[in-house]
2 protein chains.
Amino acid sequence: MTQRDWAAYSGKPVLVTGGLGFIGFNLVRALQAAGAQLGVLSRSWPPRPGSVESILGGVSFFKGDIRDSALVDEAVTGRDVIFHLAGKSGPVASNASPLEDLDVNSRGMLTLLESCRTLNPGAKIVFPSSRLVYGANTEMPATEAAPTAPLSIYGIHKRAAEEYLLLYQRLHGMRATILRITNPYGPFQRPDQNRYGIINWFIHEAMHDRPLTVYGKGAQLRDYIHVDDAVDAMLTAGLAPEAEGMIFNVGSGRGVSFLEMAEHVIRSAGRGRVKHIEWPSDAALVETGDFIADISLIAERLGWKPAVRLEAGIEDVIARYGKIFES
Amino acid sequence: MTQRDWAAYSGKPVLVTGGLGFIGFNLVRALQAAGAQLGVLSRSWPPRPGSVESILGGVSFFKGDIRDSALVDEAVTGRDVIFHLAGKSGPVASNASPLEDLDVNSRGMLTLLESCRTLNPGAKIVFPSSRLVYGANTEMPATEAAPTAPLSIYGIHKRAAEEYLLLYQRLHGMRATILRITNPYGPFQRPDQNRYGIINWFIHEAMHDRPLTVYGKGAQLRDYIHVDDAVDAMLTAGLAPEAEGMIFNVGSGRGVSFLEMAEHVIRSAGRGRVKHIEWPSDAALVETGDFIADISLIAERLGWKPAVRLEAGIEDVIARYGKIFES
């Protein structure tokens, strides 16, 4: 939705790992529009015929796994900025398969860092962490100084990845910025990753006139951020020297109840309905309670602020739904 | 040195992973003396002929790696208390080989937890963490609430292991106690692991009349704890319901400068000399500055206090040196 000028990325050698995921693909499009010399590392290439393939002309693809150090060596070489988005999402899934989460997310992160240390220690690394590093009962809005106490293996490994990045900066002079992203939504969610963003999932369900399942009363507050704003924060962090060695919250700074969000989706779609059910035990165990990010640090330090209001963002996704959600 | 009564362990099925390491072997001896029904998981068995083998009669051995889930499944089954000491030590080594540290320490810990969750969720797990989870410039003495900010991959993975344990307690009702041990020393250090405990290493060097290398002035304060006291804390934690879900510092609560410790070793041994050298860069980068543990929480909650004073502890190790250090 936003149209910012990212001329500073024109001709710049940049790598996006996980560049065909939800945030990754939005980031890749923004970098492509800016004229970056773009590399993408992804397991998923090629995407299904006729979908995104046509719009990824001129991109260097590194097809394979983030744990493949030879491939990662090749991908990181010569890149000025590396956006590391490859990984496995989802707190509930991580608690069910902790060893898999360790292997993909922790070993993947260390593989990338070791490749950079050896072959490209001067690269700037931007890493999307998560609000899920914070514990339950954190005082709201949460600042970056709030205690970390993850309720999932996913959150523990995000926190460890943050610590790796800060350590490599200390030990090896590398440069890293960590962005703790709240709940992102927006276009280009892949249907096979449909559980990643709850708003996108609800839009999908509403468009099919199916019930939107709300656990309990749905009173828990969430901080939803449009992916354009998240991408904007990542691009800003990739260039700003003031961002090095820093951890920033990236959210809207606004708390919206889960139920209110669902009702807005239904209103905007003109379809769907809320269905309340009891909290499933696996979800209840990772439920953090209300979450609202304090975003004053990134505003002060980098001048970044969210531009997309939730209501407008949802309407935009719905308006473009047939065109982009399934593609 | 201490002679405590651990009758409550008599006949109790207990597992020690890493039971032939420095702390592990001291723990195994104490459990054996208490009459525990003891299992030991270790890669190192059999130890060299004529050494510890003779004193480990009646112990069930599980020879192999902590990452071998079939072996771990077998070892954890039916145990009331599991002391998880298997792993790789050393902050400097971990920074040189981060992927190896991840594999042994993080994958090893999750392998153990998954085996327990599946086969023995009621077991009590006692885990030795480290003062190295704290960052530099922590206010001294450090309480357990001090911020964690590890300066090594080893410290990051110790912190992640703490979080795994607390998470498994939350998710699966398992019971865990975490002990952040300061700098341990005492008998039964294996010569091939001689860098693990600096006091033991200094005693070894002094007994051979070699120089004791002190980085810089050696003014940094350390909190040294005799392994008997650490073992005592572990045995206490293994039985006490009040310890469940808790993190405790385990140290002497006393700060002694590195130089003062070295001089005491030389005085007690009647041999050796201090040699000052510049800080090597790899050691300087993981140097935390002064460290003294606040041990009031474990004193209040479990009634544990250290019993061995540093000077007496060093003299005891030296007195028994020929007999135990090399064995």
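# A tour of the two chains

Begin by selecting chains A and B together: 19 residues of chain A are in contact with 19 residues of chain B, where contact means that the C-beta atoms of two residues, placed from the backbone, lie within 7 Å. This is a predicted model, in which local features need pLDDT of at least 70 and side-chain atom pairs count only at pLDDT 80 or more, while totals for chains, interfaces and linings use all residues. Residues are numbered from 1 along each chain as its sequence is written, and chains are lettered from A and ligands numbered from 1 in the order in which they are written.

Before going further, colour chain A by pLDDT, the predictor's confidence in each residue on a scale from 0 to 100; the mean for chain A is 92, and 91% of its residues reach 70 or more. The model scores ipTM 0.93 and pTM 0.94.

**The side of chain A that touches chain B**

Next select α4 (98–119) and α5 (153–172) of chain A, the elements that give two or more residues to the side touching chain B; helices (H or I, at least four residues) and strands (E, at least two) are DSSP runs, numbered from the N terminus. The most comes from α5(A), with eight residues.

**The axis**

Now superpose the chains, by least squares on the C-alpha atoms of residues with pLDDT of at least 70 in both: a turn of 180° and a shift of 0.0 Å along the axis lay chain A on chain B with an RMSD of 0.0 Å. That is the relation of a two-fold axis. Select Ala160(A) to find the C-alpha of chain A nearest the axis, 3.3 Å from it.

**Two packed helices**

Move to helix α1 (residues 22–33) and helix α7 (residues 227–239) of chain A, which pack at an angle of about 65° with their axes 9 Å apart; the axes are lines fitted to C-alpha atoms over the stretch in contact, and angles run from 0 to 180 degrees between N-to-C directions. Among the residues to display are Phe22(A) and Leu27(A) in α1(A), and Val231(A) and Met234(A) in α7(A), which belong to the groups that meet here.

**A buried arginine**

Finally, select Arg180(A), which lies in strand β6 (residues 175–181) of chain A. Arg180(A) counts as buried because it has 25 C-beta neighbours inside 10 Å, the cut-off for buried being 20 or more other C-beta atoms within 10 Å, with 12 or fewer for exposed and partly exposed in between. Its contacts, not counting residues up to four places away in sequence, include Ser129(A), Val133(A) and Phe248(A). Arg180(A) and Val133(A) are 47 residues apart in sequence, yet 8.3 Å apart in space, C-alpha to C-alpha.
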